[in-house]
Amino acid sequence: MNKFLLFAGGLVALMVLIVNLGPMILLGLSVWLLYLVFKQFVKSDSTAGKIGWVVVGLIVASMALSNIYALIGFAAGYVLYLIAKKWKKSPDYDGSFSGGGDDPFTNFERQWADLSR
């Protein structure tokens, strides 16, 4: 049951991540453009140039703010990472039962495991 819940949670997180992939790319692009605009603003010597870069920076900043809900996608990616980490940590089912008995399938699995070693 634990693996099923991890799988279902991972599936939901993956869908949220895929849905928000476009806004995440646009948010990254707008933050990169905002960095470039800031570098050009610092390099500019004239007042008109600085005003122009501020206007361009405000336009790019509004583009970044319109994609701020892409943070949900980043959160879904983090949740997906945590689920994958938890999945690897949980013990796997090895096919053996704790109870003894004369079940031929259990005996076959045990003998097959002995032969495989």
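In the predicted model, the cover over the buried residues of helix α3 includes helix α2. The buried residues of α3 are Gly57, Val60 and Ala64, and because they cover an arc of only 70° around the axis, they fall on the same side of α3. On the other side of this helix, the exposed residues are Thr47, Ala48, Ile51, Leu58, Ile59 and Leu65. Helix α3 itself comprises the 20 residues 47–66, for which a rise of 1.5 Å a residue gives an expected span of 28 Å, and the separation of 29 Å between its end C-alpha atoms agrees with that expectation.

On the α2 side, Val37 offers a residue-level view of the packing. Val37 belongs to helix α2, which runs over residues 21–43, and its relative accessible area is 9%; since the threshold for a buried residue is under 20%, Val37 is therefore classed as buried. When neighbours within four places in sequence are left aside, the contacts of Val37 are with Trp53, Val56 and Gly57, of which Gly57 is itself listed among the buried residues of α3. For the pair Val37 and Trp53, a sequence separation of 16 residues is accompanied by a C-alpha to C-alpha distance of 6.3 Å.

The connection between the two helices was examined next. Ser44 is placed in the loop between α2 and α3, and with a relative accessible area of 13% Ser44 is likewise buried. Apart from residues up to four places away in sequence, Ser44 touches Gly49, Lys50 and Trp53; Trp53 is thus a contact of Ser44 as well as of Val37. Ser46 acts as the cap of the N-terminal end of α3, with a side-chain oxygen placed 3.1 Å from the backbone nitrogen of Gly49, and Gly49 is also one of the residues touched by Ser44. Lys50, a further contact of Ser44, has its charged end over the ring of Phe41, at 4.6 Å from the ring centre.

A corresponding analysis was made for helix α4, which covers residues 71–89. With 19 residues, this helix reaches 27 Å from its first C-alpha to its last, close to the 27 Å expected at 1.5 Å a residue. Within α4, the residues Gly73, Ala76 and Ile83 are buried, and their placement on the same side of the helix follows because they cover an arc of only 75° around the axis. These buried residues pack against α1 (2–19) and α2, so that α2 takes part both in this packing and in covering the buried residues of α3. Exposed residues on the face of α4 turned away from its buried side are Tyr78, Lys88 and Lys89.

A second lysine placed over an aromatic ring is Lys3, which lies over the face of Trp87 at 4.3 Å from the ring centre. As to pairing between aromatic rings, the structure holds 1 such pair.

For the protein chain as a whole, the assignment gives 5 helices and 0 strands, with the elements running α-α-α-α-α from the N terminus on. Of its 117 residues, 18% are buried. Among contacts between residues at least 6 apart in sequence, 75% join residues that are at least 24 apart.

Notes
Residues numbered from 1 in each chain as written. Predicted model: local features only at pLDDT ≥ 70, side-chain atom pairs only at ≥ 80, totals over all residues. Heavy atoms only, no water. Helix = DSSP H or I, 4+ residues; strand = E, 2+ residues; numbered from the N terminus. Buried < 20%, exposed > 50% of the residue type's maximum accessible area, 1.4 Å probe, protein only. Contact = heavy atoms within 4.5 Å. Expected span 1.5 Å × (residues − 1). Arc of directions from axis to C-beta. Polar contact = N/O pair within 3.5 Å; in protein donor to acceptor, adjacent residues only side chain to side chain. Phe/Tyr/Trp six-rings, centres within 6.5 Å; stacked < 30°, edge-to-face > 60°. Lys NZ or Arg CZ within 6 Å of the ring centre and 35° of its normal.
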